[in-house]
Amino acid sequence: MAVSMFWARQRIALLKLIAIASSLAALAAMLDPDRVASSMGMLLVGVNGYSQFYAIYVGVRLATAGLALLAARHGDQPLLGDITALLLLAQPAGRFVAALAIGLPQGFLLVVCGLELLGGLGLLALRPPTVEKRADELRHTKS
């Protein structure tokens, strides 16, 4: 039981770290969109370019941060952390599709991709056991 509490605390800590990182990424995108876009290999042109950039790099990042915080507060509901993990892993998955067509990301974006993979896979690895598995473990400890 103490071991599972340790892993639960680790998952909550990772969720909080993801929330902080996502919030800071959104803040950086809001404060200097051209610089952030340039570091991602993009050039923002016109209202639509900026609108799309803000939707993804501010809106989605803040949604990820909010979901991660919600999941951290409700650690007894692992589905919220799982959804956070899938939201994080969707980005490297999209980059994998692009890699098949045009190659792997380079420089800073490759580092970001690695961090997204680590965060998402880490959340899934730290997922608490299902209710049935916990009940089965309790039966075995009582016998």
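In the predicted model, E116 counts as buried, at 4% relative accessibility. Two salt bridges of E116 are described here, one with R61 and one with R95.

In the salt bridge between E116 and R61, the closest N and O atoms are 3.6 Å apart. This pair links distant parts of the chain: E116 belongs to helix 5 (residues 108-125) and R61 to helix 3, with their positions 55 residues apart in sequence. Both E116 and R61 are buried. The side chain of R95 also meets that of E116 in a salt bridge, with an N to O distance of 2.4 Å. R95 lies in helix 4 and E116 in helix 5, so this pair ties together parts that are 21 residues apart in sequence. R95 has a relative accessible area of 14% and is buried because this value is under 20%. E116 thus has salt-bridge partners in helix 3 and in helix 4.

The structure holds four salt bridges. Another of these joins R127 and D82, whose closest N and O atoms are 2.5 Å apart. R127 is in the loop between helix 5 and helix 6 (131-142), while D82 is in helix 4 (residues 78-102), so the pair ties together parts that are 45 residues apart in sequence. The two partners differ in their exposure: R127 counts as partly exposed, at 33% relative accessibility, whereas D82 counts as buried, at 11%. R11, D82 and R127 are joined into one network by salt bridges that share partners.

The secondary structure of the protein as a whole consists of six helices and zero strands. Along the sequence, the pattern is α-α-α-α-α-α. The protein has 143 residues, of which 31% count as buried. Among contacts with a separation of 6 or more, 70% are between residues 24 or more positions apart. The accessible surface comes to about 9300 Å², and carbon and sulfur atoms account for 70% of that surface.

Helix 3 covers residues 46-73 and has 28 residues. From its first C-alpha to its last, helix 3 reaches 40 Å, close to the 40 Å expected at 1.5 Å a residue. A bend of about 25 degrees occurs in helix 3 at A55. The buried residues of helix 3 include F53, Y57, V58 and R61. T64, A65, L67, A68, A71 and A72 are also buried in this helix. An α-helix has 3.6 residues a turn, so residues three or four places apart point the same way.

T64 is placed in helix 3. The relative accessible area of T64 is 2%, so T64 is buried, the limit being under 20%. A polar atom of the T64 side chain lies 2.9 Å from the backbone oxygen of V60. With neighbours within four places in sequence left aside, T64 is in contact with I18, S22, T84, L87 and L88.

One of these contacts of T64, T84, is found in helix 4. T84 is buried, with a relative accessible area of 0%. A polar atom of the T84 side chain lies 2.9 Å from the backbone oxygen of L80. Not counting residues up to four places away in sequence, T84 touches L15, I18, T64, L67, A68, A71 and L123. Among these partners of T84, the residues T64, L67, A68 and A71 belong to the buried set of helix 3. I18 appears among the contacts of T64 and among those of T84.

Helix 4 also contains A93. A93 has a relative accessible area of 44% and is partly exposed, in contrast to T84, which is buried at 0%. A93 and C113 are 20 residues apart in sequence, and the distance between their C-alpha atoms is 9.4 Å.

How values were computed. Residues are numbered from 1 along each chain as its sequence is written. This is a predicted model: local features need pLDDT of at least 70, side-chain atom pairs count only at pLDDT 80 or more; totals for chains, interfaces and linings use all residues. Side-chain values use heavy atoms; hydrogens and water are left out. Helices (H or I, at least four residues) and strands (E, at least two) are DSSP runs, numbered from the N terminus. The expected span of a helix is 1.5 Å times one less than its number of residues. The bend at a residue is the angle between axes fitted to the seven residues ending there and the seven starting there. Buried means under 20% relative accessible area, exposed over 50%, partly exposed in between (1.4 Å probe, protein chains only). A polar contact is a pair of N or O atoms within 3.5 Å; within protein, one must be able to donate a hydrogen and the other to accept it, and residues adjacent in sequence count only if both atoms are side-chain atoms. Contact means heavy atoms within 4.5 Å. Accessible areas come from the Shrake-Rupley method with a 1.4 Å probe; for residues, only the protein chains shown count as cover.
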